[in-house]
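Q: I'd like a close look at one part of this protein, and then a walk through whatever else helps me place it. Keep it chatty, please.

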Amino acid sequence: MASQVWFIVLVLVVTTSAKSFTNVSAFPEMLYGSNLTNFRKECPDQLSQMDSCIVIYRDCFGLMRATRECDHQFCGCVGESGYIRDDSIPQKCLDHLNSACVTVRSKGNLFKNQIVKENIKPAVNAIEKYLNQIRSAHKTVAEQCGIESKIKDEEARMLASLNTTNRLFPMTMTFFAMVNVEKFISKSEQCQKAIDQYERALQDLDKTTVNRLEIPYRFWFIGAEFGSIGRVVTRALAVETCENASPEFNHHSVVRVNCYDRRVNRSACDEKYRRDTKHTLSTTESKKLKCKMFIDLVEQVQSLRASQFYEEAVDYHENGLKIDVNGDSLTRGFEGFFKGSMTRRETKNDIVRLEASQNSPLILQQLYEDVSMSCGKSKNSADVVTSCASKYAYCIHKIKKECMIQLSICLDHIDGIDGTCEEKIKEISSFLWPSTATTPVPTGESNAAKAITRGAKEDYFWWIARMIALFVFIVVITLLIISIGAAIYQQGCVSGARKICGEKHSMNQGKQEEDRLVEAPSSSSSDVATVAETDAASPRNDESNDQEPLDGEEEIARIGNDDNYEIIQMSNNQEDSQHSNIKTETDSIHNFIIIPQDTVDHT
C-alpha cells in the first residue's frame, strides 16, 4: 500500500515538473502574461505592438544571430531597454510590456531552441519525404546483400563520432554509412537485383530534384566523397535548404576536391572551404537557418572521409566528355552507378562549350571552348573550369544579371593552373575587361585573339547593315504608300469624275463662269457682235474637226464641257423668279458658248 502511495506521489511530481518546464519554454504565450484575455481587452494597442515585436524576434533567430542580440532587439521594439516609461500608456499595459522584456532576457536560449525547431520543421518534413523514395530500396540492398548489421553499426559509429543535434544527421547517416560497408557485399543474383532497383530509385529521386535545382548531376560535387549515393542525397537536401545558393556552395566543394587533387595541404584545403562557405552563407538571407543546417551536415560528413578521400585523390583522374552547357543540360540528372559501384568517386574532367544566345555572345562561346580544351588536359583545373561554366549557364537562365562578370571572376580565382590554361583565361578576361588588361593579346598569335578581332568587326558590320536595311525598308514602304494613294486618286478622277473629283471641279468652274457672265452688261452690242463672229466661225471649225479626230486629252476636255453644260442647266433651273430676266439672258449665253465647244480649236 505504501509503495502505491509513493508511486502516485512520484507521478504527480513528474507531471507537475513537466508542466512547469512546458510553461517555462512556451513561446510566445509567456510574453503575453498570465491572462491574455485581459491583456487584449485592456491594452489593444500594446497587444498589436507585441505581435509585431514577436515576429521580429523570430526573424532574428532565423538569421542565426546571437541570443543576446535578439533579446536586445525585442526589448528595444517593445520599449527602451526593457524599462518602459511612457505617461500616455496605462500602467497595466506598461507592466505587460516590461514583463515581456524581462521574460525574454531570462528565457532567451529556451525560446531560441523552440524557434529554430519550428523554422526548420517544414524543410525537415520535405526532406524526409524525399528520402523515403529511396529508403526502402536502400534497406532491400542491405538485406539481400548481407550487410544489414554492418550498416547499422557503421551508422551508429558515425553518429557517435559527430555528437550533433542537427536533425538531418539521423535521417541521412544510413546512406553515408554505405561507403565503408559496400566492400562486404556478397555478389549474389538477388543482391544484384536489389542494387539495380536501388539505382532506379536514385534516378527517380534525382529526376525530381534536378527540375528544381537546375544543376546537372555530372557538375555536382557535394557528397562526391560518398559516390553516387552521396551526391544524389545531398542534392535532395540542397533543394529544400539552400536552393538558389546551391550553385555557390557546390562550386566551393569543387574547389576543395580540386585542392585535394593538386596535393595541397589538406588542412589548408579544408580551411579555405570553410571560409568560402561562411562568406556565401552570410549573403543568404532568405533561408539562412535551413541552409546553415545543410552546410553543417556536409562539413561534418566530409570530415569523416577527408583523410581517406585525400589519399585516393593521388591517382584519380577520369577524362570526361565534350558537352554543351545550356538550358537543356541543366536538367540532366543521375544516370547510373559508375563502374558498378554505389560509393566510388565518379567526378570527370569534362570539356564544355557554352551556349550562344542573346545574353551570351558567340565570341564568348569560342573563347571559352579554347579555355576548356586547354584546361581540360590538366587535372589541376579542369573540374573548376567546368564548374565556372555550369555557374554561368545557371546565371543566364535563372539570375540573368552580371553573368559574364561573374564568369570572369570565377576563372580568375582558379588556383594551380598551368601556363597554357592561364593564357587562355587571360584572353577571356581581356575580352570582358579590355580597359583593365595589362598587356594586349598579340594579333595572330592565338585563335582567341583572332576571334576577338573578327567577332568585333562582324558585330559592327552587322549592326550597320541592319540599320541601313531598316532605313531602306522604311523609305520603300513610304514611297509605295504615296504612289498607291496617287494612283487611286488619279484613277478616281478619270473613271469616276462625278463621284470623286470631276463633279466638284465642274461645279466650281460652272459657278465661276456664271458669276462672270451675270456681272457682264446684258445689252452690250459689242459682246453680241463678238459672239456672232464666233458663231459665224464655228462652221469652219466643225469642218476641220470632222476631218481630224480628237485625241485623248481633247476627248476628256469635251466630256468635261458637256458635264459643265448639264450642271449649269440644273443650276439655272433652280433660280428664283425675281431673277428671271438675268436667268433667261444667262441661259442663252450658256447655250451660245457651250454648244459649239466641240468645234474649238485646241491648238
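Which hand does the crossing of H13 and H14 have, left-handed or right-handed?

A: The crossing of H13 and H14 is left-handed. Bear in mind that this is a predicted model, and everything below is read from that model.

Let's stay with that pair for a moment. Helix H13 takes in residues 362-375 and helix H14 takes in residues 382-399. Their axes come within 9 Å and cross at roughly 155°. Angles over 145 degrees count as roughly antiparallel, so H13 is roughly antiparallel to H14.

Who does the touching? On the H13 side you'll find Leu364, Tyr368, Val371, Ser372 and Cys375. On the H14 side they meet Ala382, Val385, Thr386, Cys388, Ala389 and Tyr392. Sorted by class, this contact of H13 with H14 has 9 nonpolar residues, 2 polar ones and no charged ones.

Now some other helix pairs, to set beside that one. Helix H8 (residues 189-213) and helix H9 (residues 227-241) have axes that come within 9 Å and cross at roughly 35°. The crossing of H8 and H9 is left-handed. From H8, the residues in the contact are Tyr198, Leu202, Leu205, Asp206, Thr209, Val210, Arg212 and Leu213. Facing them from H9 are Ile229, Val232, Arg235, Ala236, Val239 and Glu240. By class, the contact of H8 with H9 has 9 nonpolar, 1 polar and 4 charged residues.

There's also a record to mention in this stretch of the chain. The unreviewed UniProt entry carries the annotation "coiled-coil region" for residues 181-208. In the model, residues 181-208 are 71% helix and 0% strand. The C-alpha atoms at the two ends of that stretch are 28 Å apart.

Next up are H6 and H7. Helix H6 (residues 148-162) packs against helix H7 (residues 168-176) at an angle of about 130°, with the axes 9 Å apart. H6 and H7 are therefore oblique to each other. The crossing of H6 and H7 is right-handed. Ile151, Glu155, Met158, Leu159 and Leu162 are the H6 residues in this contact, and they meet Phe169, Pro170, Met173, Thr174 and Phe176 in H7. The class split for the contact of H6 with H7 is 8 nonpolar, 1 polar and 1 charged.

A few single residues are worth a click in your viewer, too. Start with Met293, which is found in helix H12 (residues 288-312). Met293 has 7% relative accessibility, so it counts as buried. Leaving out residues up to four places away in sequence, Met293 touches Ile120, Val124, Asn166, Leu168 and Thr241. Take Asn166 from that list: its C-alpha atom and that of Met293 are separated by 6.8 Å, although the two residues are 127 residues apart along the chain.

Then there's Arg263, in the loop between helix H10 (246-261) and helix H11 (266-282). Arg263 counts as partly exposed, with 33% relative accessibility. Not counting residues up to four places away in sequence, its contacts are Tyr310, Glu311, Ala313 and Val314. The C-alpha atoms of Arg263 and Tyr310 are separated by 8.1 Å, with their positions 47 residues apart along the chain.

The backbone angle is the other thing to check here. Most residues other than glycine have a negative phi. Arg263 has a positive phi, near 65°. Lys339 has a positive phi as well, about 55°, and it is not a glycine either. You'll find Lys339 in the loop between strand S1 (319-325) and strand S2 (349-354). Lys339 is exposed, with a relative accessible area of 53%.

Finally, zoom out to the whole protein. There are 21 helices and 2 strands. Of the 603 residues, 40% are buried. Among contacts with a separation of 6 or more, 74% are between residues 24 or more positions apart. The contact between Met293 and Asn166, which are 127 residues apart along the chain, gives you one to look at.

Key: Residues are numbered from 1 along each chain as its sequence is written. This is a predicted model: local features need pLDDT of at least 70, side-chain atom pairs count only at pLDDT 80 or more; totals for chains, interfaces and linings use all residues. Side-chain values use heavy atoms; hydrogens and water are left out. Axes are lines fitted to C-alpha atoms, for helices over the stretch in contact, and angles run from 0 to 180 degrees between N-to-C directions. Helices (H or I, at least four residues) and strands (E, at least two) are DSSP runs, numbered from the N terminus. A crossing is left-handed if the near helix is turned anticlockwise from the far one by less than a right angle, and right-handed if clockwise. Contact means heavy atoms within 4.5 Å. Ala, Val, Leu, Ile, Met, Phe, Trp, Tyr, Cys and Pro count as nonpolar, Asp, Glu, Lys and Arg as charged, and the others, Gly among them, as polar. Angles under 35 degrees count as roughly parallel, over 145 as roughly antiparallel, 65 to 115 as roughly perpendicular and the rest as oblique. UniProt positions are given in the numbering used here, feature names are shortened, and annotations may be inferred rather than shown by experiment. Buried means under 20% relative accessible area, exposed over 50%, partly exposed in between (1.4 Å probe, protein chains only).
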